Amino acid sequence: MLKLIKYFIELSVIFVFFPTPYAHAIPCAKVDQPDFYAGEVPQGKEIIHDFTLKNTGDETLVIRKIKPC
Amino acid sequence: MKIPTLYYSGKLRKTIHIITNDPNAGTIKLNVSADIKEVLVVRPRYINFGKVKQGSTYKREITLTNKGEKEISITDIVLRPEGVMSIEPTNKITLIPDQEKTFSLLFTPSDKTGQFRGAIIIKTDINYLPKKIIRVQAKPLSNHQDKHLYKD
């Protein structure tokens, strides 16, 4: 039991003091406003809207697929 | 994101799914919604005469209503194909808001049997809605088929 506690303490120390070598870099995709309501639009008028996709992670974000539904 | 609205009326909702390498994001959904208002209402939206006899003339009424807030000019009405359909009146018209105008479509099937597919192209002066199309279809029967049909 003491051995196990000692092991966990050691592990905690490693994570607290040396986090970088163990941290796994990942991309993080963020869209602030994923929903857009265009209001009343006359038939025939094109709806144009820009969404901003941000990568707030620390690895390159790759867009693998864009699928309109 | 660009969404053409020519063929929509009422509630419109479109979604785009984005798949990335972000392990925590899953599929990102981007949603666009709108209420599409028909400024120039054309009824009926399509015409199906069904089975028709060669040489006979069939009539349908088409109503145009201006549901917008500005005048709309109907600059031209084009019939495709030419020769088997005609429309009355043929003069150019202007519709003030809430005004309604009725046209008569006359269809005289030619000697071609099989499926007839045509179109009425209503051209307007609205820059974002240069035309509205009414699809027309019918099934002209040959005289032989016609006799057979009416004997039964």
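## Two open sheets in a predicted model

In β3(B), K29(B) is the bridge partner of H17(B). The model is predicted. This residue pair belongs to an antiparallel pairing in chain B, in which strand β2 (residues 10-20) and strand β3 (residues 27-37) are joined over 10 bridges.

Both strands take part in an open sheet of four strands, ordered β2(A)-β3(B)-β2(B)-β5(A), with mixed pairing. At the edges of this sheet stand β2 (35-42) and β5 (63-68) of chain A; each has a single partner strand, so one side of each is left without a neighbour in the sheet. With direction ignored, neighbouring strands here are turned by 15° against each other on average.

A further open sheet, of five strands, is found in chain B, where the order is β5-β12-β11-β7-β9 and the pairing is again mixed. Its edges are occupied by β5 (46-53) and β9 (93-95) of chain B, each of which has a single partner strand, so one side of each is left without a neighbour in the sheet. From one strand to the next, the twist averages 25°.

Within this five-stranded sheet, strand β7 (residues 72-80) of chain B runs antiparallel to strand β11 (residues 116-126) of chain B, and six bridges join the two. Opposite D76(B) stands K123(B), a residue of β11(B).

The two antiparallel pairings are set out below.

| Strand | Partner strand | Bridges |
|---|---|---|
| β2(B), residues 10-20 | β3(B), residues 27-37 | 10 bridges |
| β7(B), residues 72-80 | β11(B), residues 116-126 | six bridges |

Notes: Residues are numbered from 1 along each chain as its sequence is written. Chains are lettered from A and ligands numbered from 1 in the order in which they are written. This is a predicted model: local features need pLDDT of at least 70, side-chain atom pairs count only at pLDDT 80 or more; totals for chains, interfaces and linings use all residues. Side-chain values use heavy atoms; hydrogens and water are left out. Two strands pair if DSSP finds at least two bridges between them. Axes are lines fitted to C-alpha atoms, for helices over the stretch in contact, and angles run from 0 to 180 degrees between N-to-C directions.
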